Every structure is written in structure tokens, then in C-alpha cells.
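Trainee: I'm new to this structure and would like to learn how to read it. Could we go through it together, one feature at a time?

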Amino acid sequence: MHGELNPVGGGDSIPLLKTKLIIGRRPTCDICLPFPNISSQHCELELQNGYWHIQDLASRNGIKVNGVREESRFLLPGDEISVAKHAFEIAYEPTSDQPPPEEANPFAKSLMEKAGLTSKKKKPSKSDQIDLMGDGKAPVPSKRTPKPKGNSQDDQILGWLGDE
């Protein structure tokens, strides 16, 4: 046994028998919590480097560690985890002398990047250009020749546009 989950408020403890466990509403989950607010596969517990790690599996009601909503987190003995509204205290002995691995910095990416809503456009380099002629040389973009400037206001505007 690798530890146990003790329900907060009383109840039977749940032994952590494997090093990777799926918690969810499905009867096929390693730890089945048959409640309507639990997703079919809600979260995963995995023993990594001697410490338990919890990962939300895109559940509807999420997970919390010590009252804070988390996507993933290493757990220390005595931490309280909430799966939807069902709270447990994790009890185990870490099998490593090292502290738990550092979590990824949640602020390393902006929310727009996390959502995939930013586009990082880069200027194509010569190596990105396609060899259309088959001679091993990529085409070199030609400079735009400015339109001759006339005397009318339209010609002046077109001339300015050509200067860009």
C-alpha cells in the first residue's frame, strides 16, 4: 500500500494500492466515487519521485488542494484534496529524501497563450522560402517600384502608399 485517502468528516479510508490511479464516477475507475457531481474520469493520482501528484482530467467541477483550485499539483502528507465537493486528506510516507519536484510556473504563459488565441507571426527567413525554380535558390522578393507621382490628390495618396 502506498498510502490512503481519508474522507474529511469521517468514513472508510481508501487505500492507494497502485502507483497510478484514476478517480471518477465510472465503475471502471480505480477509485469510484458514484456521485453526480463527479466526472466519469475526474482526476488522476500518480506517485512520482516518491510523492503523490494529482492531475485534473478536464473535469466539470475541478479539484482543489488545501482549498485552492488546481489543474495539477504535488501533494504532501496531510494535504486536503477536494474532488468536486468530496474532501479527503492524503496520508502517506514520501519515499524520497528530496523535496517534491517544482511545479511548472503557472504564470509563464499568458491566458491568451494558454487558450491558444495568440499567433506568433514571424518574418519568413530565406530558409523558409520555397525553391520554385529547382536551382537551389529561393526566390528573392522584388522591391515594389513606386508609382509616378502626379499632381492630383489621388496620385499623391497613391504615391505615399507606394513609398511604404
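Mentor: Let's start with one residue: glutamate 70 counts as buried, because its relative accessibility is 18% and buried means under 20% relative accessible area, exposed over 50%, partly exposed in between (1.4 Å probe, protein chains only). Before we go on, this is a predicted model: local features need pLDDT of at least 70, side-chain atom pairs count only at pLDDT 80 or more, and totals for chains, interfaces and linings use all residues. Residues are numbered from 1 along each chain as its sequence is written, and side-chain values use heavy atoms, with hydrogens and water left out.

Trainee: Where does glutamate 70 lie, and what is it in contact with?

Mentor: Strands (E, at least two residues) and helices (H or I, at least four) are DSSP runs, numbered from the N terminus. Glutamate 70 lies in strand S8, residues 68–70. Contact means heavy atoms within 4.5 Å; leaving aside neighbours within four places in sequence, glutamate 70 touches Asp56, Ile63 and Val65 in that sense. Its side chain also makes a polar contact of 3.3 Å with the side chain of arginine 73. That term is a pair of N or O atoms within 3.5 Å; within protein, one must be able to donate a hydrogen and the other to accept it, and residues adjacent in sequence count only if both atoms are side-chain atoms.

Trainee: How many helices and strands does the protein have?

Mentor: There are 2 helices and 11 strands, in the order β-β-β-β-β-β-β-β-β-β-β-α-α along the sequence.

Trainee: Which residues have the most contacts inside the largest nonpolar core?

Mentor: In soluble globular proteins, nonpolar side chains tend to be buried together. A nonpolar core is a set of buried Ala, Val, Leu, Ile, Met, Phe, Trp, Tyr and Cys residues joined through side-chain atoms within 4.5 Å. The largest one here has 23 residues, and Leu5 and Leu45 have the most contacts inside it. S6 gives the most to this core, with 3 residues. Leaving aside neighbours within four places in sequence, leucine 45 has contacts that include Leu5, Trp52, Ile54 and Leu75.

Trainee: Why is there no bond between cysteine 32 and cysteine 29?

Mentor: A disulfide is a pair of cysteine sulfur atoms within 2.5 Å. The sulfur of cysteine 32 is 6.4 Å from the closest cysteine sulfur, in cysteine 29, so that is too far for a bond. For cysteine 43 the closest cysteine sulfur is also in cysteine 29, 9.2 Å away, again too far. A search of the whole structure finds 0 disulfides. Cysteine 32 is partly exposed at 34% relative accessible area, while cysteine 43 is buried at 0%.
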